[in-house]
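Here are some notes to help you find your way around this structure. Keep the viewer open and follow the points in order.

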Amino acid sequence: MADVISGNRVVGSDVVRWLAFSLVCAGGSWGLSWLGPVVPLPSGVRAVAGLSAIVVLPLASVLVPVLLLRRVPRKKRKVAWQLIVPLMAGVALGIFGTAAGGSAALADRGVSADAVVVSADYSSTNHCELRTVDGRDISPSLSESDGCRDSVSKGDEVRVRYDPEGVARPDNGHTGSDTAFLATLFGMAVVMGTWGGVRQSRWDRAYDGA
C-alpha cells in the first residue's frame, strides 16, 4: 500500500511539473508573439521575442524532457512521440500569434484611410506597397490575404486600416479572428507536452530500476 501511495505521489508530481512547464512554453510562444505588435515593442526586442516564440520555446518543449533523462545513457535516450505536438504547435502559435496580435493592434490604434498602391510584387505571395492619398508611407506592406489581389495594380486606390506605429500589417478591415484556432493549438501543446514529459520521467525511473 505504501508503495502504491508513493508511486501515485511521484506520478502526481510529474504531472504538475510537466503541466507547468508546458504552460510556460506554449503560453510563452503565444504571448510573446502576440505582444510584439500590440505593445508595440521596439524592432530589436520584437525580433528577440519572435525568435523565442517560434524557435527557442518550441525546441525547449522537446529538448528539456530529453535532457532531464539523468539515468539513461545519452546514446540510448529517445523522445516520446507526444512531444512532437508541442514542438509543431509552439511554432504555429508563434507564427499565428503575431498575426492575431497585429489584428488586435489594428483594432486598438488602427487608422482607416484611402491609400494608393505605389508598387506591387506578384512573385510567390502578393505584397503591395502603399501610401496614403496625402503622401504618407504605410508600413509594412499589404499582404495578399488582406487585399493585395492579382487584380490590384500600381496606381489603384484601396481602402485600408493601417498602424500609425508601423508595426502591425495593414488590412482591408475584414480580417477574421484566429482566437479559436490559437486556443486549440495551445490546448494541444499543453496536453501532449504534459503527457510526453510524464512518459519521459517514467522511462527514466524504469531504466534506473532495470
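1. Let's begin at Cys25, which touches Leu57, Ala60 and Ser61 once residues up to four places away in sequence are set aside. This is a predicted model, so please read every value here as computed from it. Cys25 belongs to helix 1. Cys25 and Ser61 lie 36 residues apart in sequence, yet their C-alpha atoms are 6.3 Å apart in space. Is Cys25 buried or exposed? Its relative accessible area is 6%, under the 20% limit, so Cys25 counts as buried.

2. Ser61 turns up again where two helices pack. Helix 2 (residues 43-67) contributes Ala53, Ile54, Pro58, Leu59, Ser61 and Val62, and these meet Pro86, Leu87, Gly90, Val91, Gly94 and Ile95 of helix 3. By type, the residues of this contact are nine nonpolar and three polar, with no charged ones.

3. How are these two helices arranged? In general, a packed pair is described by the angle between the axes and the distance between them. For helix 2 and helix 3 (residues 84-109), the angle is about 160 degrees and the axes are 8 Å apart. Angles over 145 degrees count as roughly antiparallel, and therefore helix 2 and helix 3 are described as roughly antiparallel to each other. Their crossing is right-handed.

4. Next, have a look at Thr194, a residue of helix 4 (residues 179-209). Thr194 has a relative accessible area of 10%, so it is buried. Apart from neighbours within four places in sequence, its contacts are Val15, Trp18, Leu19 and Ser22.

5. Which residues form the largest nonpolar core? Twelve residues make it up: Ala113, Ala115, Val117, Cys128, Leu130, Ile138, Leu142, Cys148, Val152, Val158, Val160 and Tyr162. Two or more of these residues come from each of strand 1 (111-121), strand 2 (127-132), strand 3 (137-143) and strand 4 (157-162). A second core, separate from this one, has nine residues, including Ala26, Ala92, Leu93 and Ala189.

6. Val160 is a handy place to explore the largest core, of which it is a member. Leaving out neighbours within four places in sequence, Val160 is in contact with Val111, Ser112, Ala113, Ala115, Leu130, Ile138, Leu142 and Asp171.

7. Strand 1 also holds Ser119. What does Ser119 touch, not counting residues up to four places away in sequence? The answer is His127, Cys128 and Glu129. Ser119 has a relative accessible area of 32%, between the 20% and 50% limits, so this residue is partly exposed. For a sense of distance, try Ser119 and Val190: they are 71 residues apart along the chain, and their C-alpha atoms are separated by 43 Å.

8. Finally, please check two peptide bonds. Most peptide bonds are trans, but a cis bond joins Val39 and Pro40, with omega about -15 degrees. Pro40 sits in the loop between helix 1 (2-38) and helix 2. Another cis bond runs from Ser139 to Pro140, where omega is near -5 degrees. Pro140 is part of strand 3.

Note on methods
Residues are numbered from 1 along each chain as its sequence is written. This is a predicted model: local features need pLDDT of at least 70, side-chain atom pairs count only at pLDDT 80 or more; totals for chains, interfaces and linings use all residues. Side-chain values use heavy atoms; hydrogens and water are left out. A nonpolar core is a set of buried Ala, Val, Leu, Ile, Met, Phe, Trp, Tyr and Cys residues joined through side-chain atoms within 4.5 Å. Buried means under 20% relative accessible area, exposed over 50%, partly exposed in between (1.4 Å probe, protein chains only). Helices (H or I, at least four residues) and strands (E, at least two) are DSSP runs, numbered from the N terminus. Contact means heavy atoms within 4.5 Å. Axes are lines fitted to C-alpha atoms, for helices over the stretch in contact, and angles run from 0 to 180 degrees between N-to-C directions. Angles under 35 degrees count as roughly parallel, over 145 as roughly antiparallel, 65 to 115 as roughly perpendicular and the rest as oblique. A crossing is left-handed if the near helix is turned anticlockwise from the far one by less than a right angle, and right-handed if clockwise. Ala, Val, Leu, Ile, Met, Phe, Trp, Tyr, Cys and Pro count as nonpolar, Asp, Glu, Lys and Arg as charged, and the others, Gly among them, as polar.
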